[in-house]
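Visitor: I am new to this structure and would like a close look at a single part of it. Please take me through the enclosed space inside and what surrounds it.

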Amino acid sequence: MASSRAAQRYAKALLDLAEEQKNQQTVNQEIRDIRQTLLNSQELRNVLKSPVVKPDSKVASLQAIFKDVSLTVKNLFQVLANNNRIADLNLVTTKFIELYDERNNIKVAIVTTVEPLTPEMEAKILSKVKSLTDSKVTLKNKIDKEILGGFVLRVGDQQYDASIKGKLNALKTRFKNKAHV
């Protein structure tokens, strides 16, 4: 919990600094790239969390891996290391992306399907969600074989369930509720 609050503060400070320096789009893309790298590399996450590896070595590793990032992001690595928070980099990137999207009115639509979406379906869903929310929208496709077919669309706290599993559950509930008839 305390780690999450600290990550939120670092993310907010980074976003404020990026806005002040008028390079928030650059920093946003760099943070998204760092986030993706951290998600894909268990080894890097282990190095950042390791109490055996010195903070200076962690920063040097990050700066070698992400040598093309802006000075703003390089300074983030150093600040996190100086404050013994370098292990929270993964969480800081997540919080930064959430804050950036919120400030820029970007909604994340999560579409759960049995199979990956085709580019045509992705485009249709994106345009429909954009028209419904009057926001910029990014799309994430989650695969879940248990929904059997159809899709589940979630934008913020709203959900539309057009899955076969959802329809079967609704039918099951209707039968239970009307059992006395």
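Guide: Helices here are DSSP runs of type H or I with at least four residues, numbered from the N terminus. The model is a predicted one.

The structure holds one cavity of 30 Å³ or more, and the largest cavity contains about 50 Å³ of space. Its lining is formed by Leu38, Arg45, Leu48, Lys49, Ile86, Ala87, Leu89 and Asn90. Sorted by class, five of these lining residues are nonpolar, one is polar and two are charged.

Two helices each supply at least two residues of that lining: H3, which covers 42-49, and H6, which covers 89-103. Helix H3 makes the greatest contribution, with three residues.

Asn46 also lies in helix H3. This residue has a relative accessibility of 43%, so Asn46 counts as partly exposed, because that class runs between the 20% limit for buried and the 50% limit for exposed. The C-alpha atom of Asn46 is separated by 8.7 Å from that of Ala87, with the two positions 41 residues apart along the chain counted as their separation. Ala87 is itself one of the residues lining the largest cavity.

For the outside, turn to helix H8, which spans residues 164-177 and includes Leu171. At 35% relative accessibility, Leu171 is likewise classed as partly exposed. Together with Leu148, Ile164, Leu168 and Phe175, Leu171 makes a nonpolar surface patch of about 500 Å².

Note on methods: Residues numbered from 1 in each chain as written. Predicted model: local features only at pLDDT ≥ 70, side-chain atom pairs only at ≥ 80, totals over all residues. Heavy atoms only, no water. Patch = residues over 30% accessible without salt bridge, like charges linked within 9 Å, V, L, I, M, F, W, Y side chains within 5 Å. Areas by Shrake-Rupley, 256 points an atom, 1.4 Å probe, with all protein chains shown as cover. Salt bridge = Lys/Arg side-chain N within 4 Å of Asp/Glu carboxyl O. Buried < 20%, exposed > 50% of the residue type's maximum accessible area, 1.4 Å probe, protein only. 1 Å grid on protein atoms, 1.4 Å probe; cavity = no way out; pocket = protein on both sides within 12 Å on 5 of 7 lines; lining within 4 Å. Points joined across faces, edges and corners; volume = space filled by probe spheres on them. Nonpolar A, V, L, I, M, F, W, Y, C, P; charged D, E, K, R; others polar.
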